[in-house]
Amino acid sequence: MRRVLLAVVAAASCVSGPDPDLEIDLGRICARIALEVRDPALLPGWQVHALAIERSEGARAWALATDGEGRLQLVASPDGAAHDFSEIGTIAELQLVPGAIEGETWVLLDRPNEAQVWRVSDSEDGDLVAGPRLVDFPAAGNWTRRLVFLDQVAHVLAVPYSGDASTVEVMLSRLDDTLAPEPALGLPLWQACPEGQIDEMLPCQPPLLSGPIELELLGTTEGGSVGGAAALIGMYSSKMSDPPATTAVYTTLVANVELRSLGPDQPPTMLRRDLPYWTTTGPVVVSPAFIATDRDALYWLAGLVPLTDDATLPEQDFLYRAGRDDATGQARIMATARKELSSHLLQIGGRVALGQIQGQAWTIAPIDEKGVDVDRTGALTLDPGAQVSLAGRGQFLVRADGGSRRVAAACDHE
């Protein structure tokens with residue numbers, strides 16, 4: 001079998017070689033992954049920004065797209081049912097989210113001090129239910145929000161733009177049947193150690209950051225993926241170094257927060273896991289930033305991009321894994337990848353894959369506890385400048401100047 005190199009350098013702790021019966025997706029045993037083009041000309045004449053698959057085995061998908069007259073609409077492919085969103089928000093303010101339940105699609109408007117949620121059904125016309133307009137939600141100030149799903153119920157997770165590292169909280173609000181949020185539950189982001197474990201008990205360490213910090217909600221796990229919900233949060237701080245240098249030192253920490261349901265009558269809990277931190281000489285942002293999950297573990301892909309020319313940065317992106325049964329909450333580096341490969345994580349049903357773009361070739365390879373399996377890969381030729389984004393339920397949106405395609409990952413039994 002032809003071996004496709006993904007330029008992944010395995011960390012020393014990894015064990016080489018997958019099990020021969022690697023389960024790729026949805027309970028099927030695959031010899032390799034195939035990338036199938038389900039729609040080679042998705043919504044011709046429209047500029048497609050985002051896509052959400054309605055049902056895993058269905059033909060319908062919802063897109064946030066701009067028509068020929070410049071109007072932003074929520075439009076269904078292939079039947080053309082549409083809802084006008086041109087007066088609601090810009091594409092940068094709207095998020096299109098596949099629901100945890102097959103047949104449901106969600107839209108979230110996220111502004112610093114305002115939010116609103118819509119739910120789209122799988123009826124013929126795609127009935128649209130609008131939640132109330134939420135101002136200063138969950139509290140006064142600037143927030144970033146994402147939809148997450150616990151026990152298949154939609155919640156809004158909100159992270160403040162800034163706070164004090166010793167007191168900052170994230171807020172979680174369950175949505176009722178009218179899409180109105182129930183009172184928000186504050187979850188202590190400042191608590192880096194598992195509850196009941198004191199700081200002196202290694203491997204849990206005292207908090208790395210102190211004082212004022214900036215925060216960024218980088219991403220969340222896909223609705224309906226196994227293992228509940230989790231989010232990736234970036235935290236940034238800067239301090240002056242000791243004399244005589246007196247230069248600014250920037251510390252960047254990426255934390256994963258895993259939300260765990262205790263049942264319908266109990267509030268959810270949160271477990272925080274910190275990835276290894278970076279110290280730089282200039283300001284940075286975390287990019288790429290991806291999170292995905294399988295039945296046994298959480299996976300993250302993260303790296304840094306400088307905001308100024310004087311920042312010294314690592315030249316790789318880092319792939320991490322943490323087992324769900326690991327009580328220490330520790331994440332380990334599985335692999336590194338060169339920046340120019342545009343690495344990203346893909347949720348394929350109940351499994352995780354690594355995607356990379358090299359030239360005009362998009363290649364994906366499954367990941368398990370032993371590492372990245374470069375012997376079972378799928379590949380697709382892209383147009384120059386093409387971009388790939390998740391569409392949910394094991395499918396993807398591929399955008400290029402010449403139009404958009406809908407692509408699915410599937411088993412190749414040949």
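A salt bridge here is a side-chain nitrogen of Lys or Arg within 4 Å of a carboxyl oxygen of Asp or Glu. Glu-54 and Arg-60 give us a case to begin with: their side chains meet in a salt bridge, at 3.3 Å from N to O. Both partners, Glu-54 and Arg-60, are buried. Keep in mind as you look around that this is a predicted model.

Let us step back to the whole chain before returning to charges. The chain has zero helices and 35 strands, so strands will be our landmarks throughout, by the DSSP runs used to assign them. Of its 414 residues, 51% count as buried. The accessible surface of the chain comes to about 18,600 Å², and 50% of that belongs to carbon and sulfur atoms. Contacts tell us something about reach along the sequence: among those between residues at least 6 apart, 51% join residues at least 24 apart.

Now find the sheet made of β14, β15, β17 and β18. These four strands form an open sheet in the order β14-β15-β17-β18, and the pairing is antiparallel. At its edges are β14 (143–150) and β18 (185–188), each of which pairs on one side only. From one strand to the next, the twist averages 30°. As a reminder, strands of a sheet pair through backbone hydrogen bonds, either parallel or antiparallel.

Start at the β14 edge. Eight bridges join β14 to β15 (residues 153–160), and the two run antiparallel. If you would like a single pair to orient yourself, take Leu-147, whose bridge partner in β15 is Val-156. The hairpin of β14 and β15 has two residues between the strands, and in it Asp-151 takes a positive phi near 50°. At the other edge, four bridges join β17 (residues 169–174) to β18, again antiparallel. There, Met-171 stands opposite Gly-186 in β18.

Is the edge strand β14 covered on one face or on both? In a regular strand the side chains alternate between the two faces of the sheet. In β14, one side carries Trp-143, Arg-145, Leu-147 and Phe-149, the other carries Thr-144, Arg-146, Val-148 and Leu-150, and all of these are buried, leaving both faces covered. That fits the count for the strand: eight of the eight residues in β14 are buried.

From here we can move into the nonpolar interior. The largest nonpolar core has 23 residues, and those with the most contacts inside it are Leu-157, Val-170, Leu-189, Leu-215, Ile-233, Met-235 and Leu-259. The elements that give two or more residues to this core are β14, β15, β17, β19 (212–220), β20 (229–240) and β21 (248–260). Apart from it lies another core, of 19 residues, among them Ala-230, Leu-232, Leu-275 and Leu-298.

Leu-259 is a good residue to click on. Leaving aside residues up to four places away in sequence, Leu-259 touches Val-148, Leu-150, Leu-157, Leu-172, Leu-187, Ala-229, Thr-269 and Met-270. Two of these neighbours, Val-148 and Leu-150, appeared above among the buried residues of β14.

Strand β20 also offers a less covered spot, at Ser-238. Because its relative accessible area is 46%, Ser-238 counts as partly exposed. With residues up to four places away set aside, Ser-238 touches Val-249 and Tyr-250. The C-alpha atoms of Ser-238 and Thr-251 are separated by 6.1 Å, although these residues are 13 apart along the chain.

Finally, back to the charged residues. Side chains of opposite charge can pair when their charged atoms come close. By the rule we opened with, the count comes to 20 salt bridges. One of them joins Asp-67 and Arg-71, at 2.8 Å from N to O. How covered is each partner? Asp-67 counts as buried because its relative accessibility is 10%, whereas Arg-71, at 36%, counts as partly exposed. Another salt bridge links Arg-260 with Glu-258, where the closest N and O atoms are 3.3 Å apart. Arg-260 is partly exposed because its relative accessible area is 32%, while Glu-258, at 3%, counts as buried. Some salt bridges share partners, and these join Glu-93, Arg-111, Glu-114 and Arg-133 into one network.

Methods
Residues numbered from 1 in each chain as written. Predicted model: local features only at pLDDT ≥ 70, side-chain atom pairs only at ≥ 80, totals over all residues. Heavy atoms only, no water. Pairing = 2+ DSSP bridges. Axes fitted to C-alpha atoms, helices over the stretch in contact; angles between N-to-C directions. Buried < 20%, exposed > 50% of the residue type's maximum accessible area, 1.4 Å probe, protein only. Core = buried A, V, L, I, M, F, W, Y, C linked by side-chain atoms within 4.5 Å. Contact = heavy atoms within 4.5 Å. Areas by Shrake-Rupley, 256 points an atom, 1.4 Å probe, with all protein chains shown as cover.
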